[in-house]
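Trainee: I should like a close look at a single part of this structure, namely one strand and its surroundings. Please set out the account in a connected form.

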Amino acid sequence: MLIVAWEATAACNLSCSYCRACATAQPQPDELSTAEARSLVDSIAPLQPMLILSGGEPLLRPDIFEVASYAVSKGLRVSLATNGTLLSSEIADRIAAAGISRVSISLDGATAKGHDCSRGQGSFAASMRGIECLKGKVDFQINFTITRKNEADLKSIFDLAESIGAKAVHSFFLVPTGRGREEDLISAERQEELLRFIDQERGARTLEIQVTCAPQYARIARSGPGRRGGGGCLAGKNFVFISRIGEVYPCGYLPLRAGSIRQKNFIEIWESSPVLLALRKRELKGKCGECGYSKICGGCRARAYAEDGDFLGPDTLCNLSV
């Protein structure tokens, strides 16, 4: 299934230390209008993708439920990615009424101490209150971005997610874009260890456990218990990102513009963009091109681009020798 993530707004009530979007307190004046957002839904609807409403903080966009309801009416599965601090019982009711099938809550730690140092004092408690408001109304998952500062919390995040009734944990490995910094990256060796740990947890937990921005997980999952599969870089293949002003990118961490929905229909961009076609053709360079796992893994194209400006180059956060 194609996944389309739409950055509904730049506005956010928090200022997270590694924010991909470099979110701001106020929306930008050139963000897609309601009419343009509905047109975006119309343009992607023939492909029947999953639509992720993201930001910034999408709950700060006044028409977010109107757009969500319209997308659901077109047959799309819609999810909402939020920091959770603005959730209330009333908002949870509106999320459910709009037909949004799942809400993802971003946590940077399993306790206030770890979470608040990157997202602001009191934000962990606010997010946990928000989660309570969702219970019994909308399914929710925890999104956890792994950095050098919080990687020790990974097991505790799984424990917390199970204890509060989350359906899933999606582990994101930091890509140094936006406010993300190189010094916050874990090492390639530590990533390998954590991916193996995640695979063990995936086999032992009832949670749905997914990995993002560490496509090396495809190699590990295929060789693990039950050979479940998973992972691999989806950018431009099964995933696309649309910015708050309608620009299309392979993913939110790979700033290579494939086109604009203000200038072309989405499907035309999806089917003809040289950047997207190159990602699908996957003529990779360096050790990623020589690796026997290049077809199922492919390395993180965003991390390769962040390293030396070549989106087909090697992923430096892989310690596999070829």
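**Strand E2 and its surroundings**

Mentor: In this predicted model, strand E1 (residues 3-7) is joined to E2 by 5 bridges, and the two strands run parallel. One of the pairings can be named at residue level: Trp6 has Leu53 as its bridge partner in E2. Leu53 also leads on to the next strand, since its bridge partner in E3 is Leu80. Strand E3 (residues 77-82) is joined to E2 by 4 bridges, and these strands likewise run parallel. E2 is thus paired with E1 and with E3.

Burial completes the description of this strand. E2 spans residues 50-54, and 5 of its 5 residues are buried, so the strand is largely enclosed by the rest of the structure. Here buried denotes a relative accessible area under 20%. Both faces are covered: Leu51 and Leu53 are buried on one side, and Met50, Ile52 and Ser54 on the other.

For context, a pair of helices may be added. The axes of H1 (residues 34-44) and H2 (residues 64-73) come within 10 Å and cross at roughly 25 degrees. Angles under 35 degrees count as roughly parallel, and H1 and H2 are therefore roughly parallel to each other. The crossing of H1 past H2 is right-handed. On the H1 side, Thr34, Ala37, Arg38, Val41 and Asp42 take part in the contact, and they meet Glu66, Val67, Tyr70 and Ala71 of H2. By residue class, this contact comprises 5 nonpolar, 1 polar and 3 charged residues.

Technical notes: Residues numbered from 1 in each chain as written. Predicted model: local features only at pLDDT ≥ 70, side-chain atom pairs only at ≥ 80, totals over all residues. Heavy atoms only, no water. Axes fitted to C-alpha atoms, helices over the stretch in contact; angles between N-to-C directions. Parallel < 35°, antiparallel > 145°, perpendicular 65-115°, else oblique. Left-handed = near helix turned anticlockwise from the far one by under 90°. Contact = heavy atoms within 4.5 Å. Nonpolar A, V, L, I, M, F, W, Y, C, P; charged D, E, K, R; others polar. Buried < 20%, exposed > 50% of the residue type's maximum accessible area, 1.4 Å probe, protein only. Pairing = 2+ DSSP bridges.
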